[in-house]
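Me: I would like to go through this model one question at a time. Please keep the answers short.

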Amino acid sequence: MSQQGYVAAPPYSQAQPGMGSYQGGFGAAPAQPLYGHYGGPPQAFSSPPAGVMKSPASSPGGMPPPPVSSQYNPNVQQNGAHPQRLASPSAAPPTYGQPSHSVYNSMASPAQPPAQQLTNQMSAMNLGGYAPGAMQSPPPPATTSIAQQRFQTPPAATGHPQMHSAPLSSHMAPPISPPQSPITNMQGSGPPMGGQSMAGPPMGGHSMTGPLMGGHSMTGPPMGGQSMGGPPMGGQSMTGPPMGGQSMTGPPMGGQSMGGQSMTGPPMGGQSMTGPPMGGQSMAGPPMGGPGSFQQPGSGPAGLQGYPQQAGQFGGLMSGPQPGMQGGFPGAPGGLSGPPQKKLDPDSIPSITQVIEDDKARLGGQVYSTNIRGQVPPLVTTDFTVQDQGNASPRFMRCTTYTLPCTAELAKQCQVPLASIIKPFAKLPKNEAPLYVANHGETGPIRCNRCKAYMCPYMQFIDGGRRYQCTFCNCVNEVPAFYFQHLDHIGRRVDFYERPELSLGSYEFVATLDYCKNNKPPNPPAYIFMIDVSYTNIKSGLVKLICDELKTLLEKLPREDGAETSAIKVGFVTYNKVLHFYNVKSALAQPQMMVVSDTAEMFVPLLDGFLVNYQDSRAVIYNLLDQIPDMFADTNESETVFAPVIQAGVEAFKAAECSGKLFIFHSSMPTAEAPGKLKNRDDKKLVNTDKEKTLFQPQKGVYEQLSKDCVAQGCCVDLFLFPSQYLDLATMGDVPSHTGGSIYKYNNFQVETDGEHFLRDLRKDVQKSLGFDAVMRVRTSTGFRATDFFGGVYMNNTTDVEMAAVDCDKAVTVEFKHDDTLSEETGALIQCALLYTTISGQRRLRIHNLSLNCTSQLSELYKSCETDSLINFFAKSAYRAILNQPVKNVRDILVNQTAHMLACYRKNCASPSAASQLILPDSMKVFPVYMNSLMKTAPLVGSTELSTDDRAHQRLSVMAMGVEDTQLQLYPRLIPLHNIDVSSEAVPAPVRCSAERLTDAGMFLLENGHSIFLWLGQACPPDVIQNLFNAPSLAHLQQGHMFSLPELDNPLSKKVRSIISELLDKRPNSMKLLIVRQKDKPEMLFRQFLVEDKGLHGGASYMDFLCYVHREIRQLLT
Ligand SMILES: [Zn+2]
């Protein structure tokens, strides 16, 4: 991207014939009713909605096409239409017919076309059907107190204790002398974790039941006498039946992996869910799969008699806690008894893989033009090309709903969170143009005088072009003389297409000195590599691995497009309980080491020669990297410091007046006497108690202040951890998670099995494109405003989102609240402005604009919801909430809000139907799967079997994720490989994430962006094993086979390896391949990712959860 200002241009300036009929038809309003935002018949997309498009009549003559810039990608056809943000109300939303939703009832009457249609696809079923009474009398949604309870925000940070200062002493060592570190005792820091923790699962029995039941009075549903409030998660009730029923066709899943338990009872295929997900034994009658059985008498089609309410159906079946599992959590399939049930077709409940494939089929490969206010983009899982026509690409901004409710009351009524997930540096595919840069010279960007919004396509020029009205605050501003331009006959500036800030959703401004610290242009950023050289890291070979890698990796530091070398400076520190700084000035023949042993008040002992240009100092740096592993080869030092290491980085940046990033490679809890010293506070007894939150809370004090210092200096911290035991990740991750950094963790690191995995992460991380020293501000049009921010950010006040750095994978989730009424006519605008320093040290403003619709009809709101974004919001808000509330309360809130959102839809948007039908908005039909999966994630599940550090790690990682990453994390891809066409380029379509999809003779790949498995069924054909492993059978696979596939010269081996490497390339993190055989012990690790099944550590199966939610919905409606 060039820096000289405004490089606007052009192809988008061309008014093209037929503008208005956008290829792909996104946003085009169908003439016929649609069932779901993309759900309509294909032909519905062909014609643009009357009025929504700008009339093609607007003469092209008025917009002289400026010269075409070569920067524009010819593949991206621009058609010159202006975003229709100000469409008149009459022009706006096309009338849709029936509200879109899915009805899971195959017996739906033909009188309900939409229902019928979807029904056919999903082979519907009725769920629930217990509650007496028709669905007629819905009083106001009787929300439980929990349903309305909000997550508490964490208390504002108070008090920042200063690091205590002590006399500092540094001593300069002679060039490259071994570090002076007293040999200290090798005490392990703290007891090993496993041990202490397992004492009595606090979760046992009833303590878990709660989650779903909290607060509800279970009146209606026949829950049988027992206390089983919440089926799904609640202990016993759900256990056996549901799962057993539908899934176990093949290998009984409980059995093999869970150590002992087995699918005793139930005849597999035969029985089923039909019943009450819970019942089990009672399900006699219903002739068919699901539908009938849940129906209450009379509520359904004739003949399908309901499922008689029975007391006790929730009970009884309990097989009790399984060995190795939490007690009260939904145990395992166990004592299913009762007559065999008819097997319910598991395809009958909404499927994420189906939704993903459908979206791909409809929109994959197409061009998505951002010219329509409030249009819902393709799913994150669909490949498409974006054409910026006035709104930010969905790669930069996605929303939970693209149609906001007009009033706070409406928002409260539906409880759909209003949020945008902003990934300001999202990677763009090669066929999409990078952002244009506008340069307004010394005056800087044009901004509204009152609200300070930046010039954007929404500003309205009036008075012959001499003034403009700000669409954010309505203030009328003078146009500066240099910026004046005449208007054409439709009131648009003549230079409309020549200026990105007038016609595009995303662009950049060159920032003036006013936007720089101390009014000085910034220096180029720096990267400091800080390597823990204590005993463990030396012994494992990690230090040598890092040093060897850096020699090549430093050649690949990010650089500006077209630049020959990177402007980023580099520096090196090694440390254990003291720090060693290195002078690598190019003039030196040998690097020089300087040791700082007083870590109480860290300072940097050298300025000149510490941060250098890699190209200039390459020889000295090579020399250093060669020597480091040898220098510390005989170390006995096992203690480390940590906070002083970060402090040193901040001080170095301060001294060099630059921003940058620290890459810290660290192995153990910092126990050496120094600021930020930590002690083992892991305590599994806290799990599932009110104090569990303390396990996630960082230690206050030193690290809190450090975060503040880092952000003030633009110092981002990336942390690579190599622990063999607990190291208080919640605290150690505090600074990285407040500075836009990443945390990587390699448990029990071994070079042979984890080396490549780590190096892939390191390479990706070092080469990421990013911005430094960033401040983000989100402005909105009147009537609503940004109220909360979730991400790797630091907030000094309520509006400025500070990020020491922000890279291409980091996203900030912004929640909005009403402060007034929104207008359907003008819609709602969001402008995200990010001030940052580029990798070459230029100060820039990156602007993303998005216009949304507003409505007073809830059905419109639901139609515009995006489940993937909703779940991103819920994941982040829940993960923040567990810092302050018991995990169980948080789960309660999630379930209640789920039920509430869906009940509100049912009550206000769905056409009348039997109460026994579960009706979901089409846009949210797979929302329950994600929600259930979220509640089973390590941070929320409340299991003593999970490592506290792993839980904290996942919590912090997710907080910074964008929509793609949370989607994949919560619904892993399970890809069948056994029938693969080795001659095809394509990757087989994933199947539902359930053990039921596995087959004995099958082979599956599973990945979630964090872990990747190759699963081999026990009857996997020998020729497959031969081709992949060069071994005669599964039994011959050895330890060495379990982490990688040998490079064999046959089509199957090549194909499988290429699929795996493609996935590894695509994801932000590297993943360590784990090969598991069916029924081997490690299979447990794999099975925990089968998120439609009952959770290994607790949590309901998807089917159970759906049934439970349905019941909750019915309660809310009666
Ligand atoms: Zn304004």
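**Helix 8 and its surroundings**

Just after helix 8, Gly365 has a positive phi of about 75 degrees. This is a predicted model, in which local features need pLDDT of at least 70, side-chain atom pairs count only at pLDDT 80 or more, and totals for chains, interfaces and linings use all residues. Residues are numbered from 1 along each chain as its sequence is written, and side-chain values use heavy atoms, with hydrogens and water left out.

Me: What distance does helix 8 reach from its first C-alpha to its last?
Reply: Helix 8 covers residues 352-363, twelve residues. Helices here are DSSP runs (H or I, at least four residues), numbered from the N terminus. At 1.5 Å a residue, taken times one less than the number of residues, the expected span is 16 Å, and helix 8 is close to that, reaching 16 Å.

Me: Why are the buried residues of helix 8 on the same side?
Reply: Buried means under 20% relative accessible area (1.4 Å probe, protein chains only). The buried residues are Ile352, Thr353, Ile356, Asp359 and Leu363. They lie on the same side of helix 8 because the arc they cover around the axis, taken from the directions to the C-beta atoms, is only 130 degrees.

Me: Which elements are included in what covers the buried residues of helix 8?
Reply: Contact means heavy atoms within 4.5 Å. The cover includes strand 29 (973-976), with strands being DSSP runs of E, at least two residues. It also includes helix 26 (963-970) and helix 23 (927-935).

Notes:
Buried means under 20% relative accessible area, exposed over 50%, partly exposed in between (1.4 Å probe, protein chains only).
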